[in-house]
Amino acid sequence: MRILLLCSSFNGLTQRSWLELRRAGHDVSVELAVSEAAMVEAAELAKPDLVICPFLKERVPDALWRAHRTVIIHPGPPGDRGPSSLDWAIVEAETEWGVTALQAVEEMDAGPIWGYRTFALPSEAPRKSALYNGPVADAAVELVAEVAVKAGDASFAPVPLDYRSPEVRGRLRRAMRHADREFSWEEPTEQILRRVRAADGSPGGRTLLCEVPVRVFDVYRGPEVAGAPGTVVARREGAVLVHTGDGSVWVGHVRLEQEGAIKLPAAQALGELVAQAPERSGYSEITYDRSEGVGVVSFDFYNGAMSTEQCRRLSSALRYAVAQDTRVLVVRGGEVFSNGIHLNVIEAARHPELEAWMNINAINAVCREIVGCMSQLVVTSLGGNAGAGGVMMGLGADRVIIRDGVVLNPHYRTMGLFGSEYWTYVLPRRVGAERARRLTQDALPIGAADAAEMGLADKVLAGSRLDFERRVLEYAERLAADPGYDRLLAGRRQVREVDERRKPLDAYRAEELAEMSRDMFDDRCGFREARRAFVRKAKAVATPEHLARHRELSGASAPSGASASHM
């Protein structure tokens with residue numbers, strides 16, 4: 001079928017939907033819902049058999065849903081309605097939630113049901129982004145595939161929404177207001193965690209910290225210690241420890257409630273207000289564990305962004321791990337594996353271009369530790385999405401294992417950068433020079449199955465992230481105990497020696513940095529504006545050029561007003 005994906009942004013869920021439908025053989029185009037006119041015109045040009053809206057904040061215009069079968073993927077169980085579904089589910093400690101596919105009608109979220117999925121919610125309050133990118137996205141992608149199949153069945157008819165049905169357990173919930181996001185540090189830790197995590201990563205929980213109005217993000221339960229609620233008592237790796245009504249929480253990120261402020265590591269955003277707080281253990285973005293001849297370096301950076309300081313700490317951890325008497329090194333990312341350099345920290349710096357330069361050199365050092373490890377076999381554990389330099393960082397390993405459902409964006413072009421992280425070495429080594437050129441120029445996402453087929457990854461494993469990490473560790477332990485281990489390690493060394501003689505790693509680094517210096521300092525491809533738009537969450541004015549071009553290649557023309565803008 002010809003399917004139009006109508007979305008508010010080409011985010012992880014939309015990308016997964018696009019990939020799933022294309023693998024099923026459908027002709028799929030994407031349009032951002034920048035205006036009602038753009039949505040209607042996109043449908044007129046695409047002439048779709050079906051319109052699917054996997055992530056749409058805007059109302060579908062009457063002219064569109066009346067002319068084309070249009071199915072909304074709503075992040076709530078049957079009967080749930082409203083724009084703040086996940087927020088309320090977290091705040092109200094729901095034990096079960098779901099995703100529903102429903103047909104667009106005049107009243108929002110009230111159309112007949114095409115299908116639904118339900119799943120259990122953890123007892124510990126989940127971060128909204130983790131819930132959305134985890135079980136919600138998994139269920140939504142299943143539903144998108146189901147909807148496409150049902151749309152091809154002439155006998156199928158969706159079921160009208162009926163609140164008398166035992167399957168319809170949801171209800172209409174109003175949009176969360178500013179007051180619903182507010183909290184006081186006198187409240188119990190559990191309530192603070194739920195309030196903030198329901199607003200993570202936007203718009204954040206509202207409160208006062210150091211007597212300054214802030215939005216709070218990225219919170220973790222701290223030790224149960226007594227103290228005046230709201231007092232910052234410690235710092236650690238950019239986070240601050242704050243007393244609550246019955247304990248404490250680590251606050252990873254905040255945004256000051258003032259004009260032009262952006263989300264930053266809490267200690268950086270608060271600056272001198274917390275400069276005297278002592279350093280304290282108990283919170284760490286990077287850990288090292290050993291098991292059966294295997295060393296595991298785990299890192300979990302908020303939204304996958306890696307600042308200069310974070311990269312330096314990760315390089316140090318990798319050097320320590322490589323020096324141990326283990327046989328296999330596992331490099332394991334978090335909820336998001338990595339998205340490369342930290343654009344927010346760069347934008348907030350006194351000299352952004354200099355900070356960007358320091359950041360790219362620091363992440364290059366991380367990649368060099370992985371590529372240059374000659375004393376152990378290296379396994380990358382890709383349990384979360386990755387983009388740009390984050391993808392390239394993982395490709396330096398001997399084995400790349402990816403979780404089913406993960407999306408890779410192995411390109412830099414949409415941010416106005418040539419790219420570094422030794423990508424001109426590790427990417428062609430895995431997929432060949434021609435495919436490497438296409439991947440970086442087309443700037444389109446790659447699903448886990450496609451990544452394995454083209455050589456970006458070596459193995460795909462299904463399951464939850466925790467189950468995936470357990471299976472990767474078991475694989476690494478088998479690799480460490482493999483009778484042919486010495487031969488495999490000797491092969492790694494031999495390949496690296498041959499490659500080094502052909503062209504030294506330093507040469508790749510120098511060539512890439514020469515290009516990056518023009519992008520960062522001369523701004524030859526619009527990095528400054530692309531970075532600013534990303535950090536400031538600027539609303540798109542048209543479907544990005546690389547998606548519009550793909551749509552044209554699929555047979556539909558771009559709507560008027562589409563532009564080649566960096567996104």
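User: What makes helix α1 a neighbour of β1, β2 and β3, and how is the helix directed relative to β1?

Analyst: Contact means heavy atoms within 4.5 Å, and helix α1 (residues 12-23) lies across β1 (2-7), β2 and β3 in this predicted model, running at about 175° to β1. Axes are lines fitted to C-alpha atoms, for helices over the stretch in contact, and the angles run from 0 to 180 degrees between N-to-C directions. Helices (H or I, at least four residues) and strands (E, at least two) are DSSP runs, numbered from the N terminus. The model is a prediction in which local features need pLDDT of at least 70 and side-chain atom pairs count only at pLDDT 80 or more, while totals for chains, interfaces and linings use all residues. Residues are numbered from 1 along each chain as its sequence is written, and side-chain values use heavy atoms, with hydrogens and water left out.

User: Why are β2 and β6 said to stand at the edges of the sheet?

Analyst: Two strands pair if DSSP finds at least two bridges between them, and six strands form an open sheet with mixed pairing in the order β2-β1-β3-β4-β5-β6. β2 (27-32) and β6 (113-120) each have a single partner strand, so one side of each is left without a neighbour in the sheet.

User: Why is cysteine 7 not counted in a disulfide?

Analyst: A disulfide is a pair of cysteine sulfur atoms within 2.5 Å, whereas the closest cysteine sulfur to that of cysteine 7 belongs to cysteine 53 and is 8.7 Å away, which is too far for a bond. By this rule the count comes to zero disulfides.

User: How do you know whether cysteine 7 is buried or exposed?

Analyst: Buried means under 20% relative accessible area, exposed over 50% and partly exposed in between, with a 1.4 Å probe and protein chains only. Cysteine 7 has 0% relative accessibility and therefore counts as buried.

User: Why is the pair of tryptophan 357 and phenylalanine 521 called tilted?

Analyst: Rings of Phe, Tyr and Trp (its six-membered ring) pair if their centres lie within 6.5 Å, and planes under 30 degrees apart count as stacked, over 60 as edge-to-face and the rest as tilted. The centres of these two rings are 5.6 Å apart and their planes stand at 55°, so the pair is tilted. Tryptophan 357 lies in helix α11 (residues 352-371) and phenylalanine 521 in the loop between α18 (505-520) and α19 (527-535), so the pair ties together parts that are 164 residues apart in sequence. Tryptophan 357, at 25% relative accessibility, counts as partly exposed, and phenylalanine 521, at 38%, counts as partly exposed too.
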